[in-house]
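Please open the structure in your viewer and keep the selection tool at hand. The tour below goes from one selection to the next and says what is there at each stop.

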Amino acid sequence: MKFSAILREAVDAVATNKSRTALTLLGIIIGVGSVITVVGVGSGAEAIIGELLGSYGSTTLLIFPNETARSENRKRYRYEEITREDIELINSEADAVKAVTPQITMEVELSYSGVNVTANLMGTLHQFLDAQDVKIALGRSLRAEDDVYMRKVGVLGHALAGALFGEEDPVGKFVNIENIVDMEVIGVLALEEKSFISTVSELDTSNNNTLFVPVSTVERVGGSSNIYFLIGEAASEELIDDAKRQILSILTMNHGKWDG
């Protein structure tokens, strides 16, 4: 199956299975001790999620488009999507926000020198790794210019690097994705401890088995530029409300409001 087809299937799955996608995201965020602040999904959903997760005390933010506006406008005129301009303005102008980034996530088959493994692939921006305070064991992390120039580069999780390369230094080598495209390994993450949720379920919430690549590269290879949500971090727990207000202000400036 072509990489572009895999991406389209992943995007369709996100769009058509919002509840399952949301639950998966919540599981991941709970696993790293986070609380979700939901912006724009409706007061009912926000209240329920806040009640369930409010004791965790995190700075994590999830930003979704207004689904009501999207569904009601779909047959009449262009409806609003999250854009790169939104992301750039939030990251440059919202001082209560540490960073927001898009994510395109899917399961892929990776291969190197006859070794094949199944792994998670995440298309994102360098701010995601920066905001997560991940440690680089070898090489370097993603950079802004990797996304600007759509470079076919990636950072391997620790377990994934070991499965593919063993004791060999992966930096500078190329891994193949789905027999379609080669990605140069630019870095390897330090080993992360399993979270509590990983010890009681099959859900691995660490980055140990993930390949991180620039989101623009996924868009380029897969032919899709739709951004269905953003994940981010407030600068501190005390600034969560300020972060929400600043994000909403920027989105309102760029897209206006729907039904008040």
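Start with the charged side chains: across the whole structure, which is a predicted model, a search finds five salt bridges. Select Arg 84 and Asp 147, whose side chains meet in one of them, with 2.8 Å from N to O. Arg 84 belongs to helix α5 (residues 84–93) and Asp 147 to helix α7 (residues 144–148), so this pair ties together parts that are 63 residues apart in sequence. If you colour by accessibility, Arg 84 should come up as partly exposed at 26% relative accessibility, while Asp 147 counts as buried at 11%.

Next, select Asp 146, and display Arg 140 and Arg 151 with it. The side chain of Asp 146 forms a salt bridge with that of Arg 140 at 2.9 Å, N to O, and another with that of Arg 151 at 3.0 Å, N to O. Asp 146 is buried, with a relative accessible area of 0%, whereas Arg 151 counts as partly exposed at 32% relative accessibility. Through these shared partners, Arg 140, Asp 146 and Arg 151 are joined into one network.

Now turn to the aromatic rings, of which a search of the whole structure finds three pairs. Select Phe 128 and Phe 212: their ring centres are 6.0 Å apart and their planes stand at 35 degrees, so the pair is described as tilted, a class that lies between stacked (under 30 degrees) and edge-to-face (over 60). Phe 128 sits in helix α6 (residues 126–131) and Phe 212 in strand β10, so the pair ties together parts that are 84 residues apart in sequence. Both Phe 128 and Phe 212 are buried.

Keep Phe 128 on display and add Gln 103, which is found in the loop between β3 (97–102) and β4. Is Gln 103 buried or exposed? With a relative accessible area of 12%, Gln 103 is buried, because the cut-off for that class is under 20%. Leaving aside residues up to four places away in sequence, Gln 103 touches Phe 128 as well as Met 122, Gly 123, Thr 124, Phe 229 and Ile 231.

For the next stop, select helix α8, residues 158–165, and show its side chains. Which residues of helix α8 are buried? They are Leu 160, Ala 161, Leu 164 and Phe 165. These four cover an arc of only 100 degrees around the axis, which puts them on the same side of α8. An α-helix has 3.6 residues a turn, so residues three or four places apart point the same way. To see what lies against the buried residues of α8, add the strands they pack against, namely β4 (104–112), β5 (115–124), β7 (153–156), β8 (174–177), β9 (181–189) and β10 (210–214). Just after α8, select Gly 166, which takes a positive phi of about 60 degrees.

Finally, clear the selection and look at the whole protein, which has eleven helices and eleven strands. Of its 260 residues, 45% are buried. Among contacts with a separation of 6 or more, 72% are between residues 24 or more positions apart. If you display the surface, the protein exposes about 13300 Å², of which carbon and sulfur atoms supply 51%.

Definitions and conventions
Residues numbered from 1 in each chain as written. Predicted model: local features only at pLDDT ≥ 70, side-chain atom pairs only at ≥ 80, totals over all residues. Heavy atoms only, no water. Buried < 20%, exposed > 50% of the residue type's maximum accessible area, 1.4 Å probe, protein only. Helix = DSSP H or I, 4+ residues; strand = E, 2+ residues; numbered from the N terminus. Arc of directions from axis to C-beta. Contact = heavy atoms within 4.5 Å. Salt bridge = Lys/Arg side-chain N within 4 Å of Asp/Glu carboxyl O. Phe/Tyr/Trp six-rings, centres within 6.5 Å; stacked < 30°, edge-to-face > 60°. Areas by Shrake-Rupley, 256 points an atom, 1.4 Å probe, with all protein chains shown as cover.
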